[in-house]
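Open the model in your viewer and turn on the cartoon. Keep the sequence panel at hand, and select as you read.

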Amino acid sequence: MASTSRTFDGVSPEIWNCLKDDSKRKHDTVYDPPDSDSGTATTSTIIGKLELIYSFDREQNKVTFTIETKPVLVPAGRIWDGIQDAIDKCAGK
């Protein structure tokens with residue numbers, strides 16, 4: 001079973017802002033509180049709600065996400081792969 005929490009390294013403040021902007025634009029993800037380095041990211045889909053707790057560490061250039069709620073049909077690995085793909089895109093990889 002995939003982990004319900006994952007840390008992504010190499011996430012600068014610029015990449016973090018890009019990641020949040022990209023998820024807002026593509027998936028209508030709501031970050032609460034909006035301009036905080038920690039909180040909840042919620043995405044509503046046709047098959048259910050995805051809710052992630054996030055904590056961005058500016059000093060160590062990393063972000064940790066924990067799955068709070070997810071649609072049953074969506075494997076955790078797919079969520080982590082999607083986040084990693086978005087980070088890579090924002091990093092220009």
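Begin with asparagine 61, in the loop between β4 and β5 (62-69). The model is a predicted one. Check the backbone here: phi of asparagine 61 is near 50°, a positive value in a residue other than glycine. Its relative accessible area is 29%, so asparagine 61 counts as partly exposed.

Next, select aspartate 28. This residue sits in the loop between α1 (13-27) and β2. Its phi is also positive, near 60°, and again the residue is not glycine. Is aspartate 28 buried or exposed? Aspartate 28 is exposed, at 60% relative accessible area.

Move on to β2, residues 30-32. Strand β2 pairs with β3 in the antiparallel sense, over 3 bridges. Pick valine 30 and look across: its bridge partner in β3 is threonine 42. The two strands form a hairpin, with 5 residues between them.

Stop in that loop. Proline 33 lies between β2 and β3. Which bond joins aspartate 32 and proline 33? A cis peptide bond, with omega about -5°.

Now follow β3 into β4. These strands run antiparallel, joined by 8 bridges. Show threonine 40 and isoleucine 53 of β4: they stand opposite each other. This hairpin leaves 2 residues between β3 and β4.

Finish at isoleucine 47, in the loop between β3 (38-45) and β4 (48-57). Isoleucine 47 counts as partly exposed because its relative accessibility is 45%, and partly exposed covers the range between 20% and 50%. Add Ile46 and Leu73 to the selection: with Ile47 they make a nonpolar surface patch of about 400 Å².

Notes
Residues numbered from 1 in each chain as written. Predicted model: local features only at pLDDT ≥ 70, side-chain atom pairs only at ≥ 80, totals over all residues. Heavy atoms only, no water. Patch = residues over 30% accessible without salt bridge, like charges linked within 9 Å, V, L, I, M, F, W, Y side chains within 5 Å. Areas by Shrake-Rupley, 256 points an atom, 1.4 Å probe, with all protein chains shown as cover. Salt bridge = Lys/Arg side-chain N within 4 Å of Asp/Glu carboxyl O. Helix = DSSP H or I, 4+ residues; strand = E, 2+ residues; numbered from the N terminus. Buried < 20%, exposed > 50% of the residue type's maximum accessible area, 1.4 Å probe, protein only. Pairing = 2+ DSSP bridges.
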